[in-house]
Amino acid sequence: MQLFPSEKIRNVALVGHGGSGKTTLTEALLHRAGAISRLGHVEDGTTVADHDPEEQRRGQSLGLAVAPFEWKGHKVNLIDTPGYADFLGDVRAALRVVDLAVFVVSAVDGVQVQTEVVWREAASLGVPRMIFVNKLDRERASFERTLDQLRDRLGTGVAPLELPIGSEASFHGIADLLTDTAHLYEGGVPRTGPIPEDMEALEHQVHDNLVEGIVVADDDLLVRYLDGDIPSLDELEHALTLGIETATVFPVVCGSATAEVGIDRLADLLVEIGPPPADRPVTVTAGDTEVVVAADPEGQPLALVFKVIADPFVGQVSLLKVLSGTIRNDDHLVNSRTGTDERLHGLFIVRGKDHEPVEGLAAGDIGGVAKLAGTVTGDTLAPKGQPVRVPAIEHPRPVLSIAVVPHTKADDTKLATALHRLAEEDPELLVERNEDTGQTVLAGTGEMHLAIAVERLGRKFGVQVDTEPVQVAYRETISVPVAPFTYTHKKQSGGHGQYAQVTLSAEPLERGAGFEFENKVVGGAISKGYVPAVERGLQEAMARGGGIAGYPLVDLKITLRDGKEHSVDSSEMAFRHAASVALKELAAQGAPVILEPVSQVDVTVPSDLLGEVLGDLNARRGRVQGTEPESEAEQVVHALVPESELRTYATDLRSITGGRGRFSARHDHYDVLPATSGPGEADAGAPTRR
Ligand SMILES: Nc1nc2c(ncn2[C@@H]2O[C@H](COP(=O)(O)OP(=O)(O)O)[C@@H](O)[C@H]2O)c(=O)[nH]1
Ligand SMILES: [Mg+2]
């Protein structure tokens, strides 16, 4: 395929709540444009966008998918995105590289949680937006009700350009309010005609609303309109384009993806009012300075890798957007984060799972390249000697964790590499090894996200794992000083004998102090070399959990006061052993307590749900430190909550708030575990001895 000129490119994302019809609409647009010969179905796993086996099995999008099509001399790089909350990361990635986000809203279900969540994201990024009201062919679909909700929930600027003709099963056309014409569909093909008479009154009324909605984007036009001037169609279209580009006017159109009503009208709009890449320059950093880069095909080559996909056959596939310049096959660019030279060998255009070779990609275009050496999602590729970087997006720290246990020894060997590669393609997946518990922990955005990661370990890398709850890394300490006592390790019957005697005392230290050791042995009671052996023996036993409850011992000071050795039978080994046995006795006499990790948690919730969320935090032994407004409608709660109470919080908060709450958590400190919530509880969360 040849290079596509920048000004003819439109980058568009379909976003919104899961099930609103984004993937089906992608299919319909590709079909109307002739890019595919028949409409696939989400349920059958036959769509272009849901091409991953995990997506096909569930009948649901889990990641972004690029699906370009040509329309009236333009190339529309359509990006279908997932609607489920766990995969918001890919929606963010798509919003970064498009110039228009089409919010697909079901006329049956109306504005749903993820519609609002993504609207907020897009607004904060200043991305131009429009709305496609879908499923108008379905029973109980209502355009009016949906439009009211859009106005209500998404704020000012929502401007309907169309009205549906017919409803539910008899929905068959669209009235275009700007041109006063009807488009009547049969088999996806429109025929234009006059607006049906019975709609005229409604049409006039909505038309006036629309004009008022549009003229606000252009001050001149607004003044003239208020003076009684009727704007011409050209003027309206110009103001509309301006309003879209500045993200102040959000046109609403309507249709049905399955009945293919309104699809070609949508495609027309994408190329007519969708901003070309050159109109939306990006700000990048070059060292300490910020530079604004426009999508100029003659400029310095610069590309953003917005998604990396680990492919078992091709290796790694990097999806990139050319921000400036023109990139050709076999060009060399440098990864600005790592400084590594990357050869762009074999550029291609991506459509779902298919790759079509292309000789180059001009500024504004989106394509793919395989086998970049060390490039991960979010990296920038720039010319040698010009370390320009697109500012990284901050990914929220993952909130839900599980531990993975390999099935076999062979799986164990491959696990680390496989996890590393999965994390490379998915910046929201965190892999950690907990040194205290020895578990390999996967942290992600929700239950579905983690389940998919585990499935992909198997499918992509052939690594089979079981999952288990993450153990809380409890610790143990003493709470009172322990008077000196003496322990003698003696084994002198038969063979090589062992002998070591130590006198130790202990005292508790403040939280976080760790371990202190002091040697007070005087007069050479034991040889110099045996003192470090005692210290090492204590340290090893503490780390191993050689106290009473079996958790690592921390925050205490142990003093070696005296000792005795045997000229033949003593050894470093014997002293180490003596120290470790003595430790258990010290712990037993020190009124031992268990320490639990406590996290600092920030929960953002709609104000009307504050009471429920506070009550729930209370039930989790949370200590609320304060509450402050986040926006007009939201509050942030700051609290300290024991880690053991947070293990399912990601899922629980979602159900308490209907998906409208979010939170972040990070380890803060260790605190004494209250006796009532101590070990011995039967649930999976109770501390277990190792
Ligand atoms: N009746 C009707 N069903 C639709 C329409 N668009 C999508 N669907 C169905 O809605 C379900 C979810 O569609 P999908 O494209 O997966 O939604 P997504 O999650 O937004 O990608 C599927 O069963 C589609 O067949 C439509 O316009 N009319
Ligand atoms: Mg989908």
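Two strands are taken to pair if DSSP finds at least two bridges between them. In this predicted model, an open sheet of three strands follows the order 13-12-24, and its pairing is antiparallel. The edges of the sheet are formed by strand 13 (289-293) and strand 24 (388-389); each has a single partner strand, so one side of each is left without a neighbour in the sheet. Between strand 12 (residues 282-286) and strand 13, the antiparallel pairing extends over five bridges. Within this arrangement, Thr 285 is positioned opposite Glu 290 of strand 13. Strands of a sheet pair through backbone hydrogen bonds, in either the parallel or the antiparallel sense.

The magnesium ion (ligand 2) has as its protein donors Thr 23, through OG1, and Ser 61, through OG, lying 2.0 Å from the ion. Thr 23 belongs to helix 1 (residues 22-32), whereas Ser 61 is located in the loop between helix 2 (53-58) and strand 2 (65-71); the pair therefore ties together parts that are 38 residues apart in sequence. With a relative accessible area of 7%, Thr 23 falls under the 20% limit and is therefore buried. Ser 61 is likewise buried, its relative accessible area being 9%.

Regarding confidence, the protein has a mean pLDDT of 92, and 98% of its residues reach 70 or more. Over residues 680-690, however, the pLDDT is below 50, although this stretch has 24 contacts in the model beyond near neighbours in sequence. Where pLDDT is low, the predicted coordinates should not be read in detail.

Technical notes: Residues numbered from 1 in each chain as written. Chains lettered and ligands numbered in written order. Predicted model: local features only at pLDDT ≥ 70, side-chain atom pairs only at ≥ 80, totals over all residues. Heavy atoms only, no water. Helix = DSSP H or I, 4+ residues; strand = E, 2+ residues; numbered from the N terminus. Donors = N, O, S within 2.8 Å, 3.2 Å for Na, K, Ca; no water. Buried < 20%, exposed > 50% of the residue type's maximum accessible area, 1.4 Å probe, protein only. pLDDT = per-residue confidence, 0-100. Contact = heavy atoms within 4.5 Å.
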